[in-house]
Amino acid sequence: LPLLLKATLLRLASGSYHPFYNGFFYNHIMNDDDDGQDKVDYFNGARLVVETSQDPVYSYNGANVTLPCHYRYEPDQGPKRKIRIKWSKLRDDYTKEQDVMVAIGKTYVAFGDFKGRAHLRQGSRHEASLVISDVRLKDDGKYRCEVIDGLEDESNVVDLRLQGIVFPYQPPRGQYRLNFHEAERVCQDQGAILANFHQLFQAWSEGLDWCNAGWLADGTVQYPIRLPRKHCGGVHLAPGIRSYGERHRHLHRFDAFCFSSALKGEVFYLNRPAGMTLEEAKQSCQDAGAEIARVGQLYSAWKFLGLDRCNAGWLADGSVRYPIVTPRANCGPTEPGVRSFGFPGKGRFGVFCYRER
């Protein structure tokens with residue numbers, strides 16, 4: 001009992017002099033200026049704080065973006081030795097998904113798809129911001145900035161969101177023909193990726209209403225409903241995202257929800273008096289120094305560039321569509337959107353082409 005009481009008093013006394021922070025205090029163990037001699041520096045009461053943007057950082061496909069991260073000591077300890085900085089990409093549940101980059105001083109290594117695209121910006125004394133160049137669709141997500149000083153390790157999270165649009169996609173074969181892996185491929189073929197739940201929810205909040213279930217990036221199958229109705233979960237359910245939960249990625253078949261970001265180039269329309277076959281349409285785009293547009297590019301041009309054309313045109317997947325920003329007579333329904341004629345196979349239409357700036 002006397003020993004227990006003594007230990008309790010020592011712990012309380014220690015807490016009265018040093019601020020508690022996640023159980024760690026700055027010390028000099030395992031720093032980079034080790035001279036090979038065993039040594040221990042006792043706690044000095046300083047704590048490490050890592051700060052990132054509390055608001056999401058927005059970007060778009062092909063842009064350069066900086067994810068801000070700064071660290072400090074409380075109280076300030078003056079110049080420090082080399083600090084280890086580590087950036088990781090996280091899943092939505094904050095578990096680690098992918099190593100992005102590690103750095104010590106001015107030496108750093110980027111990993112995987114981030115090689116050649118990621119580096120640190122250290123413009124100020126305690127800055128550890130991550131710069132990502134040529135942003136890609138799959139870069140969307142949460143990132144952890146981790147600062148390691150000896151035995152102390154603190155981190156914070158910043159959310160990178162790409163400005164984009166979610167669109168449902170069915171292949172030429174018809175409804176519910178895609179397993180998960182096929183859904184991934186068809187989205188990529190259309191200049192997009194499988195949407196995640198956050199992106200689908202954002203699209204729903206902006207008005208997306210679609211009664212066909214589709215794959216999302218996490219392997220779940222869901223669909224957004226704004227107007228409850230009998231064959232879309234029932235009239236008694238509130239509006240929202242209907243979910244089938246996770247499904248077998250090989251055996252089960254549904255449609256896909258794809259996500260495409262803002263464009264680096266432009267989508268434009270070409271036509272001939274008698275229209276064009278699909279092959280003639282592809283050649284016309286090439287003659288104009290462009291390529292036939294993909295579905296994701298048409299949706300992005302409609303969403304972000306205000307493309308409004310009441311003329312049907314071929315796209316790269318063999319579908320025929322046209323984008324309407326301002327609904328009007330003889331141009332389809334009364335709501336804005338991308339209209340589809342499906343996959344006619346034969347026929348003569350105009351064409352939507354895509355050309356990078």
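**View 1. Strand 23 and its partners, starting from the pairing of glutamate 291 with tyrosine 354.** In this predicted model, glutamate 291 has tyrosine 354 of strand 23 as its bridge partner. The pairing belongs to a two-bridge, antiparallel match between strand 19 (residues 291–292) and strand 23. Strand 23 also pairs with strand 18 (residues 265–270), again in the antiparallel sense, here over six bridges. To find your way along that match, look for glutamate 266, which stands opposite arginine 355 of strand 23. A parallel pairing is on show as well: strand 20 (residues 313–314) and strand 23 are joined by two bridges. Here two glycines face each other, with glycine 313 opposite glycine 350 of strand 23. Strand 23 itself spans residues 350–356 and is mostly covered, five of its seven residues being buried. As a reminder for reading this view, strands of a sheet pair through backbone hydrogen bonds, either parallel or antiparallel.

**View 2. An open sheet of six strands.** If you trace this sheet from one edge to the other, the strand order is 2-11-10-5-6-7. The sheet is open, and its pairing is mixed. Strand 2 (57–59) and strand 7 (107–110) are the edge strands; each has a single partner strand, so one side of each has no neighbour in the sheet. From one strand to the next, the twist averages 25°.

**View 3. Strands 10 and 11, side by side.** How many bridges join strand 10 to strand 11? There are nine, and the two strands run antiparallel. Strand 10 covers residues 141–149, and strand 11 covers residues 152–162. A handy landmark is tyrosine 143, whose bridge partner in strand 11 is valine 158. When you follow the side chains, keep in mind that in a regular strand they alternate between the two faces of the sheet.

**View 4. Helix 5 and the largest nonpolar core.** Is helix 5 mostly covered or mostly exposed? Helix 5 (residues 295–304) is mostly covered, with eight of its ten residues buried. The buried residues are Val295, Gly296, Gln297, Leu298, Tyr299, Ser300, Ala301 and Trp302. After helix 5 comes glycine 306, which has a positive phi, near 70°. The largest nonpolar core holds 88 residues, and Leu67, Trp87 and Tyr143 touch the most other members. Helix 5 gives the most to this core, contributing five residues. Tyr143 may be familiar from the previous view, where it is the bridge partner of valine 158 in strand 11.

**View 5. The disulfide between cysteine 187 and cysteine 258.** The structure holds five disulfides, and this legend looks at one of them, with a sulfur-to-sulfur distance of 2.0 Å between cysteine 187 and cysteine 258. The pair links distant parts of the chain, 71 residues apart: cysteine 187 sits in helix 2 (residues 180–189) and cysteine 258 in strand 17 (residues 255–261). The link is left-handed, with -80° about the S-S bond. Both cysteine 187 and cysteine 258 are buried.

**View 6. The disulfide between cysteine 211 and cysteine 232.** Here the S to S distance is 1.9 Å. The torsion about the S-S bond of cysteine 211 and cysteine 232 is about -120°, so this disulfide is left-handed. Cysteine 211 lies in the loop between helix 3 (197–205) and strand 14 (214–215), while cysteine 232 lies in the loop between strand 15 (220–225) and strand 16 (240–246), so the pair ties together parts that are 21 residues apart in sequence. Cysteine 211 is partly exposed, at 22% relative accessible area, whereas cysteine 232 is buried, at 3%.

**View 7. The disulfide between cysteine 310 and cysteine 331.** In this pair the sulfur atoms are 2.0 Å apart. Cysteine 310 is found in the loop between helix 5 and strand 20, and cysteine 331 in the loop between strand 21 (320–324) and strand 22 (337–340), which places these distant parts of the chain 21 residues apart. With a torsion of about -115° about the S-S bond, the disulfide of cysteine 310 and cysteine 331 is left-handed. Cysteine 310 counts as partly exposed at 28% relative accessibility, but cysteine 331 is buried at 3%. Counting bonded cysteines along the chain, the disulfides follow the pattern 1-2, 3-6, 4-5, 7-10, 8-9.

Terms used. Residues are numbered from 1 along each chain as its sequence is written. This is a predicted model: local features need pLDDT of at least 70, side-chain atom pairs count only at pLDDT 80 or more; totals for chains, interfaces and linings use all residues. Side-chain values use heavy atoms; hydrogens and water are left out. Buried means under 20% relative accessible area, exposed over 50%, partly exposed in between (1.4 Å probe, protein chains only). Helices (H or I, at least four residues) and strands (E, at least two) are DSSP runs, numbered from the N terminus. Two strands pair if DSSP finds at least two bridges between them. Axes are lines fitted to C-alpha atoms, for helices over the stretch in contact, and angles run from 0 to 180 degrees between N-to-C directions. A disulfide is a pair of cysteine sulfur atoms within 2.5 Å. A nonpolar core is a set of buried Ala, Val, Leu, Ile, Met, Phe, Trp, Tyr and Cys residues joined through side-chain atoms within 4.5 Å.
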